[in-house]
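Hi everyone, thanks for coming. I have one structure for you today, so let me put it up and then we'll walk through it together.

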Amino acid sequence: MILGVLGGSLLCLVLALFFWLPSRTLVHDLRADGVTVVATVIGVDDQPRYVRVRFAQGPRSSAEEELWDYAGMLPDVHSGDSLTVTYDPDDPSHVLPRIWVIDPPTNLPAYAAFTLAALFLAGALVGAVRRRLLLTHSPPPEPA
């Protein structure tokens with residue numbers, strides 16, 4: 001049982017890294033090499049599952065791209081809105097709102113998975129210590 005709880009902790013840790021690393025890597029790359037331009041929102045679905053923008057200035061003016069989601073989130077915008085975005089010149093499909101590059105939103109899925117990993121790890125440690133105490137302080141078995 002202790003190994004199962006420890007395995008749950010490792011699974012939650014891997015899940016947290018799955019949510020955290022791609023978003024942080026994208027933000028880091030855009031901070032280092034990104035190009036900031038003004039864009040116009042040309043399409044948003046009702047969920048939103050995608051936000052499509054058209055660059056209004058810069059070397060890729062009139063090009064259209066979909067915003068990259070950050071931790072499964074997209075900005076709350078409407079068609080026709082103006083938005084300052086940062087994109088990677090080597091891969092223009094990597095586009096985030098400029099404000100998210102400067103100050104990324106809270107990555108709740110990653111934080112929740114890290115919290116669960118810590119709780120499972122604490123449970124495994126408590127279980128291991130309790131088992132050790134029970135085995136060392138139990139009376140010796142009676143001879144048969």
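Let's start with one pair of residues: the bridge partner of Gly43 in strand 2 is Arg52. A quick word before I go on: what you see is a predicted model.

That pair belongs to a bigger pattern. Strand 1, residues 35-44, and strand 2, residues 51-55, pair in the antiparallel sense, and five bridges hold that pairing. Thr40 is another residue to look at here, since it stands opposite Arg54 in strand 2. Between strand 1 and strand 2 there are six residues, and the two strands form a hairpin.

Now stay on strand 2 for a moment. Which of its residues are on the covered face, and which on the uncovered one? Val51, Val53 and Phe55 make up the covered face, while Arg52 and Arg54 make up the uncovered one.

Moving outward from strand 2, we reach strand 3, residues 64-66, which runs antiparallel to strand 2 and is joined to it by three bridges. Arg52 turns up again here, with Glu66 as its bridge partner in strand 3.

Also in strand 3 is Glu65, and I'd like you to find it on the screen. Is Glu65 buried or exposed? It is buried: its relative accessible area is 17%, and the cut-off for buried is under 20%. As for what Glu65 touches, leaving out residues up to four places away in sequence, the list includes Val51, Val53 and Phe55, the residues of strand 2's covered face. Glu65 also touches Arg52, Arg60, Pro92, Ser93 and Val95.

Let's go back to strand 1 and look at its other partner. Strand 4, residues 82-87, runs antiparallel to strand 1, with six bridges joining them. One of the residues to click on is Val35, whose bridge partner in strand 4 is Tyr87. Strand 4 then pairs with strand 5, residues 95-97, again in the antiparallel sense, over three bridges. Here Thr86 stands opposite Leu96 in strand 5.

Put together, we have an open sheet of five strands in the order 3-2-1-4-5, with antiparallel pairing. Strand 3 and strand 5 are the edge strands, each pairing on one side only. On average, neighbouring strands in this sheet are turned by 45° against each other, direction ignored.

What packs on the sheet? Helix 1 does, touching strand 1, strand 4 and strand 5. The direction of helix 1 makes about 90° with that of strand 5.

That brings us to the helices. Helix 3 covers residues 108-137, and its 30 residues should span 44 Å at 1.5 Å a residue. The end C-alpha atoms of helix 3 are 43 Å apart, which agrees with that expectation.

Which residues of helix 3 are buried? They are Ala110, Ala113, Ala117 and Ala124. For anyone rusty on helix geometry, an α-helix has 3.6 residues a turn, so residues three or four places apart point the same way. The buried residues of helix 3 pack against helix 1, residues 2-33.

How do the two helices sit against each other? The axes of helix 1 and helix 3 come within 8 Å and cross at roughly 160°. That makes helix 1 roughly antiparallel to helix 3. The crossing of these two helices is left-handed.

That's my tour; I'm happy to go back to any part of it.

Note on methods. Residues are numbered from 1 along each chain as its sequence is written. This is a predicted model: local features need pLDDT of at least 70, side-chain atom pairs count only at pLDDT 80 or more; totals for chains, interfaces and linings use all residues. Side-chain values use heavy atoms; hydrogens and water are left out. Buried means under 20% relative accessible area, exposed over 50%, partly exposed in between (1.4 Å probe, protein chains only). Helices (H or I, at least four residues) and strands (E, at least two) are DSSP runs, numbered from the N terminus. Two strands pair if DSSP finds at least two bridges between them. The expected span of a helix is 1.5 Å times one less than its number of residues. Contact means heavy atoms within 4.5 Å. Axes are lines fitted to C-alpha atoms, for helices over the stretch in contact, and angles run from 0 to 180 degrees between N-to-C directions. Angles under 35 degrees count as roughly parallel, over 145 as roughly antiparallel, 65 to 115 as roughly perpendicular and the rest as oblique. A crossing is left-handed if the near helix is turned anticlockwise from the far one by less than a right angle, and right-handed if clockwise.
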